[in-house]
Amino acid sequence: MLIRIPKADIKRGMFVEAVECSAAAFGKRRFLLDSKKDYDAILESPAEFVVINTAFGAEVSQQSGKPPVSRAEKRDEAAATLTRSIEALKSELINIVVGGTLDMEKLTKVVEDIAQADDETSAFFFDITRLRQKDEAMFQHSLAVGILMGKLGTALDLNTDTVALLVLSGLLHDVGKLTLSKNILQKQTPLTAVERNLLRSHPQRGHQLLIRHAIIPHEVLDICLHHHEALDGSGYPSGKSGSEIGLLVRIATVCNAFDKLTTARAGKPDQGVADAMSWMFERDHQFDRKLVLRLGALIDD
Ligand SMILES: [Fe+2]
């Protein structure tokens, strides 16, 4: 059914037939409204009304006093978004490893969903990614780090483009691990020296994979290569230290370590948020203390 609604009533998920203004002001017609960019562009356009088609998209709110979405519904929505995101991430990471074409649009949708989530939804994302399945651990870790990096970037007042870059970097930072055998990644006993060196080569492996795709921004490459560096130079692969490690990489090192500490792994129970924070806070020779504090302030135990 076609319905004409004031532009202020549009929401993501609606199918837009037309925006009542000139094509020069807003030219797109007949599309599913699923990006914040289009949503903002409609609101900024001179149009007063938008025609939507409920046969292809979401219905109109019954009235302006429509009850707000319940917490349970919001959590279900967050879970569904994460399930979609993990599938998209999985297929694209595997594509990168096997040398296929990277579907940047698919990844951008994941980045948008995460970067534009409100605080409550972000909190649900965080809860849900902590309840990860073991065989999905690597993908869920990547998703969790993307979420944390986006949240921290927003809290630091970085601009939206930079926040999106941070989310994308989090999603891709460990892609090099997919080139290593599961025997190493899931080994329950201590690694041999050879295995340890192989594991520690994952940043370079990931960087080599990503650099083949011209569309990947250099900040993302940098974060992939250096997310295991430490402020005192004890990290790898380059042993960079202090000011050689820029803000975006520092954000990655803090979020990556935090997610690992708060997630149970073979032979290691998870730590609570507060314990993880104090562990990192005490290691200011490795981690940027200001960033640890900012991240801690964002997450409730
Ligand atoms: Fe890593």
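Two residues are taken to be in contact when heavy atoms lie within 4.5 Å. Helices here are DSSP runs of H or I with at least four residues and strands are runs of E with at least two, both numbered from the N terminus. The model is a predicted one, so to speak: local features need pLDDT of at least 70, side-chain atom pairs count only at pLDDT 80 or more, and totals for chains, interfaces and linings use all residues. Residues are numbered from 1 along each chain as its sequence is written, and side-chain values rest on heavy atoms, with hydrogens and water left out.

Helix 10 and helix 11 make a good place to start. In helix 10, E219, D222, I223 and H226 meet L248, V249, A252 and T253 of helix 11. Sorted by class, this contact holds 4 nonpolar, 2 polar and 2 charged residues; Ala, Val, Leu, Ile, Met, Phe, Trp, Tyr, Cys and Pro count as nonpolar, Asp, Glu, Lys and Arg as charged, and the others, Gly among them, as polar. The axes of helix 10 (residues 218-226) and helix 11 come within 9 Å and cross at roughly 45°. Such axes are lines fitted to C-alpha atoms, for helices over the stretch in contact, and the angles between N-to-C directions run from 0 to 180 degrees. That angle makes helix 10 oblique to helix 11, given that under 35 degrees counts as roughly parallel, over 145 as roughly antiparallel, 65 to 115 as roughly perpendicular and the rest as oblique. The crossing is right-handed, meaning that the near helix is turned clockwise from the far one by less than a right angle, with anticlockwise being left-handed. In the loop between these two helices sits P237, and the peptide bond leading to P237 from Y236 is cis, with omega near 10°.

Helix 11 (residues 247-261) also meets helix 12 (residues 273-281), their axes coming within 9 Å and crossing at roughly 135°. This pair is therefore oblique too, and helix 11 passes helix 12 in a right-handed crossing. Helix 11 brings V254, A257, F258 and L261 to the contact, while helix 12 brings V273, A276, M277, W279 and M280. The tally is 9 nonpolar residues, with no polar and no charged ones.

Further towards the N terminus, helix 2 and helix 5 pack at about 110° with their axes 10 Å apart, and are therefore roughly perpendicular. Their crossing is right-handed. L82, S85, I86, L89, K90 and L93 of helix 2 touch M138, F139, Q140, S142, L143 and I147 of helix 5, a mix of 8 nonpolar, 3 polar and 1 charged.

Helix 2 turns up again in the second largest pocket, where helix 2 gives the most to the lining, with 6 residues. A pocket is an open set of points on a 1 Å grid over the protein atoms alone, where a 1.4 Å probe fits, with protein on both sides within 12 Å along at least five of seven lines; lining residues have an atom within 4 Å of a point. About 840 Å³ of space lies in this one, and of its 22 lining residues the closest to the centre are R12, E77, T81, D113 and T121. The lining has 8 nonpolar, 4 polar and 10 charged residues.

Technical notes:
Points joined across faces, edges and corners; volume = space filled by probe spheres on them.
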